[in-house]
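Open the model in your viewer and keep a selection tool ready. The stops below go from the whole chain to single residues.

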Amino acid sequence: MVWLEIIVVLGAIFFGIRMGGIGIGLCGGLGLAILTIGFGLPIGSPPVDVILIIMTVVVAASALQAAGGMDYLVRMASKFMRKNPKYLNIIAPITTWVMTIMAGTGFIVFSMLPVIAEIAKDSGIRPSRPLAGSVVASQIAISGSPISAAMAAMLTIMEANGVTFLVVMAVCLPASFVAAMVAAFIASRQGCELEDDDVYLERLQQGLVSKYEDKKGESTPREKFSVVLFIIATIAIVILAAFPQLRPGFDIGKTMGTRDIIIICMLSAACLMVVFCKTSPNSIVLAPTFSSGMSSLAVILGIVTLGTTFVDAHMDQIKDIAGGVLSAYPILLSLVLFCTCALLYSQGATTPLIIPLAIALDVPTWAILASFVAVTGVFVLPTYPTSLAAIEFDSTGSTRVGKYILNHPFMLPGLGGIIAGVAFGFIIAPLIV
C-alpha cells in the first residue's frame, strides 16, 4: 500500500510538471483526493500561514509593478551598470540579488536581462557570463529575502519552534550572498571569449545579432513614491520581526506574530500606493506579478498538502529510515532540499514540505538554517522562466543549452554557489544559534 501511495505522490508531481505552471498544484489536488478518499489517509494540514503571507506580498509587489516602481528600479540599476561595464560580471549579479532581496521574487529581474545582455555585448563581454551569474544570484536570493515565499514559510515554521527572525536572517542572508557571489565568479570564468565563439560569429554573419532598444523614459514621482512605500514596508517588517519588544502587545498577553506583521505592512503599502500613486486596483490584478504569484499559491496548496498528507501518515517509518541518518549527517538536509526543489520546481513549495519534516526528525536547528540556501534547485533544468528569458534575450547565442540538456550556463554557477553557501552556513550557524 505504501508503494502505491508513493507512486501517487510522484505521479502527481510528474504529470504536474508536464502540465506546467499551475498544473502541478492541480495534480497535487487530484493526488490528495486519491490518498484521502481512495486510500483513507487523514488529510495533512495545508500551509495556511505561508499562503496568507505570500498572498499579501504578491499584492504589494503587484501594486509596485502597476505603479511603475519596478520599471523605475530597473532603470536605476541599468544606469549603474552602464557606468561600470568592465565589472559587469560582478555588478549584474549583485544588482539582481539586491533587487530580489527587496522584492521577494526573482521575477523582478526579467526586465534586467535584456539590459545586461546588451551592455555585455557592447562591451565585448560574453553575455552568458553576467546573464548566468545574474539569473542564479536572483534564484539564490530567495533564500535570504525576508519577504520571499520560501522565507515566509521558513520564518513561520522556525518562529513556532522558538527561533527568532533575527537568528534566521543572521544565518540565511549572508549565506545567500556568499552563494550568489561564488556563483557569479564561476559564471565569469565560463566559456570562451565572445570574439572566439563560433556560434556568435555565425549569427553575426547571418545578421541575427539584434540591437536592444532601451526604453529610457522619464521617472515620475508616483514611480519613486511607490518604491519608497514598498521599502518602508519592508524595513518595518524587518525591524518589528527582529525586535519583538517593538511589536504591539494585546490584553491576551501575546504580541503580534511575524505572519501578521508581514500581512499588515504589505497590505498597507499596497493600499497607500493605490491612494497616493493613483494606481488603479484593476491594474494590480492585471500585473504579471499578480498572476504568477497567485499561480504559486495553487501550487503550494496542492502539492504541499499532498506531501504532508503522505508524510504525516508514515512519520514513524520515515523516522526509522531517515531520522538516524540526518541526525548523524545533518548536512544531507541540504541535498534533500536541493533535490526536492529541483523536482517540485518551487522554493516556496519545498520549504513548508521539507523543513517541518527536518524538525520532526530532530535535525539540529543550526543545521536547518545552514542548509536552507540549498532550497535553490530551480536552475537544474534550463526551463525555469528566468533561465529561459536569459537564453532568449541573448541574441549572440552564447547563453545556450548544450547537447545533454543539463550542460547549460546556469548549472556550474548554481552548484558551486550552493556548495559554497552551505559550507559557509555550516561554519557560521553553530556560532549564532
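Start with the whole chain selected: its radius of gyration is 22 Å, which agrees with the value near 22 Å for a compact globule of 433 residues. That radius is taken over C-alpha atoms, and the globule rule is 2.2 Å times the number of residues to the power 0.38. The model is predicted: local features need pLDDT of at least 70 and side-chain atom pairs count only at pLDDT 80 or more, while totals for chains, interfaces and linings use all residues. Residues are numbered from 1 along each chain as its sequence is written, and side-chain values use heavy atoms, leaving out hydrogens and water.

Draw the box along the principal axes; the C-alpha atoms fill roughly 65 × 50 × 45 Å. Switch to a cartoon view: the chain has 20 helices and zero strands. These are DSSP runs numbered from the N terminus, with helices being H or I of at least four residues and strands being E of at least two.

Next, colour by burial. Buried residues make up 53% of the 433 in the chain, where buried means under 20% relative accessible area, exposed over 50% and partly exposed in between (1.4 Å probe, protein chains only). Contacts (heavy atoms within 4.5 Å) can be sorted by separation: of those with a separation of 6 or more, 81% join residues 24 or more positions apart.

Now select the largest nonpolar core. A nonpolar core is a set of buried Ala, Val, Leu, Ile, Met, Phe, Trp, Tyr and Cys residues joined through side-chain atoms within 4.5 Å. This one has 132 residues, and Met81, Met154, Val168 and Ile303 touch the most other members. Helix H3 (residues 48-66) gives the core its largest share, 12 residues.

Centre on Met81. Which residues is Met81 in contact with, leaving aside neighbours within four places in sequence? They are Leu88, Ile91, Ala92, Thr95, Met112, Val115, Ile116 and Ile119.

Move to Ser387, in helix H19 (residues 385-393). Is Ser387 buried or exposed? Ser387 is buried, because its relative accessible area is 0%. Beyond four places in sequence, Ser387 is in contact with Val135, Gln139, Pro382 and Phe410.

Finish at Ile427, in helix H20 (residues 411-432). Ile427 has a relative accessible area of 56%, so this residue is exposed. For a last distance, pick the C-alpha atoms of Ile427 and Ser327: the two residues are 100 apart in sequence and 17 Å apart in space.
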